[in-house]
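Trainee: Could you take me through one part of this model closely? I would like to see how the protein meets the DNA, strand by strand.

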2 protein chains.
Amino acid sequence: MAKSGNKSRARTDGEATRERIIEAAADTLCAEGFAGTSARSIAAKGGFNQALVFYHFGSVNDLLMAALAHVGHVRMATYTETVGNLDNLSDLVSAARSIFAEDLDRGYMKVLSEMISGASTYPELGPRIWQEIEPWISFTKGSISRVIGDTALTSAVPAGEVAFAIVSLYLGMELLTQLAGQRSSADSLFGAVERLGSLFAPFIQSTQSDGKGEQET
Amino acid sequence: MAKSGNKSRARTDGEATRERIIEAAADTLCAEGFAGTSARSIAAKGGFNQALVFYHFGSVNDLLMAALAHVGHVRMATYTETVGNLDNLSDLVSAARSIFAEDLDRGYMKVLSEMISGASTYPELGPRIWQEIEPWISFTKGSISRVIGDTALTSAVPAGEVAFAIVSLYLGMELLTQLAGQRSSADSLFGAVERLGSLFAPFIQSTQSDGKGEQET
DNA sequence: GTCTATACTTGGATAGAC
DNA sequence: GTCTATCCAAGTATAGAC
């Protein structure tokens, strides 16, 4: 009880602080960008001391990587739960639409895009960030394969390349919508994709419900 | 009056220096990223004095904006010349493919993506950068309209939204390919789009060759 | 127009008190 | 585990010599 010298409480406090710092780091990255994110600006936003960054994480960049990984886990949980079991195209697109809106609002994509930009300045971050992104490309590829299945489309355009394109598109839209200050363009794009999906849905469904392989090109 | 005492020579030297500085700024942005680009790092790369940045451009950010605008003009000239008159889909895609490869190699896209990231740290840059991007979205939209024309596709997906998506995709691919250190993914994606284009080309061509005006949705 | 020198500010990182 | 104090490196920007 209270704030006295209790071992498990002390450990708990340390963990809690770590999390506060990670939260503040992500917030600062969103608000100030990579170039504006320093141990001092993070500490100011989180209301703790600047030295804690180095005590808990060793360096600013290591903290930022921890923040990126944290955001990645949170989002992967949401995505898995929300789109992990959808098996038709229009459900997938509309789920992607609403989650992407949430990504934008909460700045999850921004944390990623700022870190990628930071990797130009600190190249040693590059491979570490790539490791955080790869699961997303795999996840996207899996979702596509599940929904599109084995149609003429996938023989012309392999799911892996579509996944790469979609992740790229998400990143690019994040950059542009932040810049233009209006996320309407991105959102109406999803509407367009939904209409496109409806156009092709019968074709995809019928081909897929046959349940079997098509030829590879 | 310096070494020649010739007025126009003096003016020429000043202009030449301005250009050297702009070149060095773009190079530094590519090599070090926004966070690593300072008056000092730019001057080191260009082999001139750090104070010249402030004499000629007033501030680092103003120099960087000048560099961005410069790169934009250079690339717009190339794009206009190369794809400005193409009127069928496969030519357009393969032209876009080779120019995008050049964009990557020479770091033109990188200058842009780094500046966009920098706008998070210096919000006053946002609108100025957006001004540089808008012409590209218009250009892309124009190219699409010219090539796709008035098909069922454009009624489902307006050219403006496709243009927004394509510019986003370019940006996103720039980020990812830099990070992964392999541009094969991006390049093979173009291959996929080319195959897709072939799939739809007959349909598009036949509809378009009927012929006429555009309608907005 | 270009360079040197310098004032001022911010940031990474550590030592040591609590 | 957290805070204060501090060192040092790097950056912006300006003044003034050439």
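Mentor: Gladly, and let us begin with DNA strand C: of its atoms within 4 Å of the protein, 56% belong to sugar or phosphate and the rest to bases. Please keep in mind throughout that this is a predicted model. Around DNA strand C there are 16 residues, and the closest are A:Ala39, B:Thr17, B:Asn49, B:Tyr55 and B:His56.

If you zoom in on individual atoms, you can pick out polar approaches to both backbone and base. A:Ala39 uses a backbone N or O atom, which sits 2.8 Å from a phosphate oxygen of DNA strand C. B:His56 reaches a phosphate oxygen of DNA strand C with a polar side-chain atom, at 2.7 Å. A base is involved too: an N or O atom in the side chain of A:Arg40 is 2.9 Å from a base nitrogen of DNA strand C. As for secondary structure, the elements giving two or more residues to the surface near DNA strand C are α2 (39-46) and α3 of chain A, along with α1 (7-32) and α3 of chain B. The largest share, four residues, comes from α3(B). Sorted by class, that surface has seven nonpolar, seven polar and two charged residues.

Now turn to DNA strand D. This strand is also surrounded by 16 residues, the closest being A:Thr17, A:Asn49, A:Tyr55, A:His56 and B:Arg40. Sugar or phosphate accounts for 58% of the atoms of DNA strand D within 4 Å of the protein, and bases for the rest. In the side chain of A:Tyr55, an N or O atom lies 2.5 Å from a phosphate oxygen of DNA strand D. A:His56 also places a polar side-chain atom 2.7 Å from a phosphate oxygen of this strand. From the other chain, B:Ala39 has a backbone N or O atom 2.9 Å from a phosphate oxygen of DNA strand D. Here the elements that supply two or more residues are α1 (7-32) and α3 (51-57) of chain A, plus α2 (39-46) and α3 (51-57) of chain B. With four residues, α3(A) gives the largest share of the surface near DNA strand D. The residues of that surface divide into seven nonpolar, six polar and three charged.

The arrangement of the two protein chains is worth a look alongside this. A turn of 180° with a shift of 0.0 Å along the axis lays chain A on chain B with an RMSD of 0.0 Å. The two copies are therefore related as by a two-fold rotation axis. Both copies use the same surface to meet each other, since 100% of the contact residues of chain A recur in chain B. That contact takes 45 residues from each of chain A and chain B. It buries about 3700 Å² between the chains, with carbon and sulfur atoms giving 75% of that area. On the chain A side, A:Phe164, A:Leu176 and A:Leu179 lose the most area to chain B, together 19% of what that side buries.

Finally, a word on confidence. Chain A averages a pLDDT of 88, and 88% of the residues score at least 70. Over residues 1-7 of chain A, however, the pLDDT is below 50, and this stretch has one contact in the model beyond near neighbours in sequence. Residues 206-217 of chain A also have a pLDDT below 50, with 14 contacts beyond near neighbours in sequence. Where pLDDT is low, the predicted coordinates should not be read in detail.

Methods. Residues are numbered from 1 along each chain as its sequence is written. Chains are lettered from A and ligands numbered from 1 in the order in which they are written. This is a predicted model: local features need pLDDT of at least 70, side-chain atom pairs count only at pLDDT 80 or more; totals for chains, interfaces and linings use all residues. Side-chain values use heavy atoms; hydrogens and water are left out. A residue is near a molecule or strand if one of its heavy atoms lies within 4 Å of it. A polar contact is a pair of N or O atoms within 3.5 Å; within protein, one must be able to donate a hydrogen and the other to accept it, and residues adjacent in sequence count only if both atoms are side-chain atoms. Ala, Val, Leu, Ile, Met, Phe, Trp, Tyr, Cys and Pro count as nonpolar, Asp, Glu, Lys and Arg as charged, and the others, Gly among them, as polar. Copies are superposed by least squares on the C-alpha atoms of residues with pLDDT of at least 70 in both. Contact means heavy atoms within 4.5 Å. pLDDT is the predictor's confidence in each residue, from 0 to 100. Buried area is the accessible area (1.4 Å probe) that two parts lose on being put together, summed over both.
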